[in-house]
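Biologist: Hey, got a minute to walk me through this one? I'd like to go through it piece by piece.
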Amino acid sequence: MQDTTLQTIIDRFFTCNKSELLEIFNELLSALQTDGVHNPGGLMSRNYETAQANPEIHTLTGNLRDARDAIFPFYWGTDEWSSKLHLENVKGPANYASLIGSLACLLKNPNLCIDTYSQRSNELEVKAITALANLVFYNTDSPWGIFNMGGTISNLYGGKIGIEKVLPQAMTRGLQGARLAGIVSEAAHYSNKTLAGWLGIGTDNLHAIRTDSNFAMRLDDLENKLDELYRQGVRVAFVIATFGSTDAFGIDDIDAIRQLIDEKAAAYQVPKPQLHVDAAVGWILCVLNEYELQANLFGIDDEVLPVIEKIQKRTKALKYADSITVDFHKMGWGHYPASAFIVNRREDLRHLLKTLEQVPYFCEAEFRHDPALFTLECSRPAIGPYSVMASLNGIGLRGYQVLLVHALEMAALLKKRISKLEYCKVLNVDTPGTTVVWWVLPKGRNAEDIFDRLERGELSNAERERYFREIRHLFDKRSTDLNPQIDARLSFTTAIGYSPQGVNIPAWKAVFFNPKTDRSVIEQVVLSIEDL
Ligand SMILES: *Cc1c(COP(=O)(O)O)cnc(C)c1O
């Protein structure tokens with residue numbers, strides 16, 4: 001080749017030019033700091049037609065500035081979620097310790113597939129997984145796990161182990177016409193449908209058990225469903241319990257579910273289903289495991305202390321889980337992707353080994369060095385471990401306790417304020433979490449009374465539809481009228497995860513993720529409701 005571009009490419013793109021990189025990082029950081037001050041405006045965002053019509057790439061070799069220019073408008077047009085007025089859904093700001101970890105990871109770009117590709121980064125993954133396992137399982141002897149791209153995939157690992165447990169060698173022989181089922185609650189995340197579909201069980205065979213008014217799986221219904229399925233000869237591969245439902249923060253009774261599924265499996269002489277816990281959001285409650293309520297060193301509100309007592313009871317039951325989903329990119333305030341799938345007992349990973357013929361024994365060394373032997377993925381990013389260890393050690397356990405308690409206090413305050421308005425009704429008063437779901441009806445209506453009648457089945461369809469329309473209409477009205485400088489953005493859900501009389505209940509929703517969200521934000525939310 002006579003072309004001399006190769007050397008240019010090496011110099012510009014494969015040689016670390018520190019000052020140039022720092023300058024560009026500096027520009028990106030400066031743009032970040034204008035977030036909320038200079039808004040990019042709606043015009044340049046989400047222009048999908050233009051995006052599709054202009055996919056061209058440069059022909060000639062450019063430089064790092066061309067790289068920056070190619071992405072800058074999109075970076076600029078992406079909301080950074082740092083504003084304390086963001087109370088929508090499960091997405092908070094990522095913390096800067098996580099940024100340090102994630103950047104370090106990107107600079108070396110390790111591949112966790114096998115440790116010869118990454119050396120000590122695999123060791124960091126073991127450390128991060130064990131740190132999280134100790135938090136969630138509390139006392140555990142042989143936890144193991146891996147990071148992957150999201151709670152969906154972590155849940156999928158749990159489901160897959162369950163299939164292998166009740167239908168050995170499904171990995172090699174397929175489902176062979178066996179009738180398989182999975183069980184979740186009606187408050188479960190939709191990712192469980194995804195995995196039921198992708199794993200070949202079929203979404204029709206994923207059974208959603210009704211919840212009680214605290215958004216927890218009803219044990220009587222679970223028992224009936226297990227009896228029904230086992231009598232029909234169906235193999236129940238997994239029960240995926242929810243620990244912190246996405247909308248209302250419902251928490252399933254892990255201890256009771258464990259007992260029930262073990263009893264039923266013994267009675268019908270079938271292998272036990274996998275008890276996987278989807279704690280994608282709720283795992284963070286575990287940081288309060290050892291907070292001493294008596295001493296109350298943080299001086300937590302008297303009204304919030306009982307919430308923490310409840311949390312401590314709930315988190316203790318996690319040790320009965322076979323496996324768990326922990327999304328650090330949610331309430332760990334870490335960067336994507338940082339979801340951990342963790343098993344309580346390492347032997348369970350045996351069910352995922354690619355080819356049992358090729359790996360006839362379950363050798364510890366294989367696990368340590370070659371996660372790819374059992375992972376769904378081949379190449380795997382290390383952002384998770386770097387984000388987790390940088391965040392946990394930067395912010396510290398005590399720091400995480402403070403962050404969580406603040407969020408709990410804000411949720412409790414909003415619940416309290418809203419409960420005072422008779423045309424409003426908080427729908428998750430007793431769930432010990434960081435989300436609030438509630439109704440806002442026109443002034444003059446008695447929300448409590450309407451809810452009671454709904455639960456008892458005394459509302460006609462027409463009445464119900466009218467009330468639900470009003471709730472939605474008032475939400476839309478507030479969204480249209482809101483002043484972006486002072487009014488928080490809220491979410492709306494069409495089904496909170498509790499369906500008395502089979503009715504999906506809509507609600508307004510606020511999620512307390514952002515540590516900057518303070519009392520004044522909540523007072524303003526309440527004012528904006530009163531002004532509707
Ligand atoms: C967010 C969420 C998921 C999905 O996790 P991703 O990381 O977004 O894939 C699963 N379960 C629950 C309860 C969640 O809140």
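Modeller: Sure. Bear in mind that this is a predicted model. Let's begin with helix H9 (residues 191-198), where the buried residues are Ser191, Asn192, Leu195 and Ala196.

Biologist: How do the buried residues of H9 fall when seen down the axis?
Modeller: They fall within an arc of 145°, so they line one face of the helix.

Biologist: And which exposed residues are on the face turned away from the buried side of H9?
Modeller: Lys193 and Trp198 are the exposed residues carried there.

Biologist: OK, what covers the buried residues of H9?
Modeller: The cover includes helix H7 (151-166) along with strands E2 (180-185), E3 (206-209), E4 (235-242) and E5.

Biologist: What about Gly200, just after H9?
Modeller: Gly200 takes a positive phi there, of about 90°.

Biologist: Switching to the core. Which residues touch the most other members in the largest nonpolar core?
Modeller: That core has 72 residues, and the ones touching the most other members are Leu132, Val277, Trp283, Leu288, Ile324 and Ile342. Helix H14 (residues 383-419) gives the most to this core, 10 residues.

Biologist: Pick Ile342, then. What does Ile342 touch?
Modeller: Leaving out residues up to four places away in sequence, its contacts include Ile129, Leu132, Phe137, Trp144 and Ile324. Asp322 and Ser323 are also among the residues that Ile342 touches.

Biologist: What lies apart from that core?
Modeller: Another core, of 47 residues, with Ala248, Leu441, Ala488 and Phe512 among them.

Biologist: Now aromatics. How many aromatic pairs are there?
Modeller: The count comes to 14. One of them is Tyr230 with Tyr268, a tilted pair at 5.2 Å centre to centre and 35° between the planes.

Biologist: Where in the chain do Tyr230 and Tyr268 sit?
Modeller: Tyr230 is in helix H10 (residues 219-231), while Tyr268 is in the loop between helix H11 (254-267) and strand E5 (274-278). They are 38 residues apart, so the pair links distant parts of the chain. Tyr230 counts as buried because its relative accessibility is 8%, whereas Tyr268 is partly exposed at 28%.

Biologist: What about Tyr291 and Phe298?
Modeller: Those two form a tilted pair as well, 5.0 Å centre to centre with 45° between the planes. Tyr291 is buried at 6% relative accessibility, and Phe298 is partly exposed at 22%.

Biologist: Which residues do ring pairs link into a cluster?
Modeller: Trp283, Phe328, Trp333, Tyr400 and Phe513.

Biologist: Last one: which ring does the charged end of Arg472 sit over?
Modeller: The ring of Phe492, 4.4 Å from its centre. Arg466 lies over the face of Tyr467, 5.7 Å from the ring centre.

Definitions and conventions:
Residues numbered from 1 in each chain as written. Predicted model: local features only at pLDDT ≥ 70, side-chain atom pairs only at ≥ 80, totals over all residues. Heavy atoms only, no water. Phe/Tyr/Trp six-rings, centres within 6.5 Å; stacked < 30°, edge-to-face > 60°. Helix = DSSP H or I, 4+ residues; strand = E, 2+ residues; numbered from the N terminus. Buried < 20%, exposed > 50% of the residue type's maximum accessible area, 1.4 Å probe, protein only. Lys NZ or Arg CZ within 6 Å of the ring centre and 35° of its normal. Core = buried A, V, L, I, M, F, W, Y, C linked by side-chain atoms within 4.5 Å. Contact = heavy atoms within 4.5 Å. Arc of directions from axis to C-beta.
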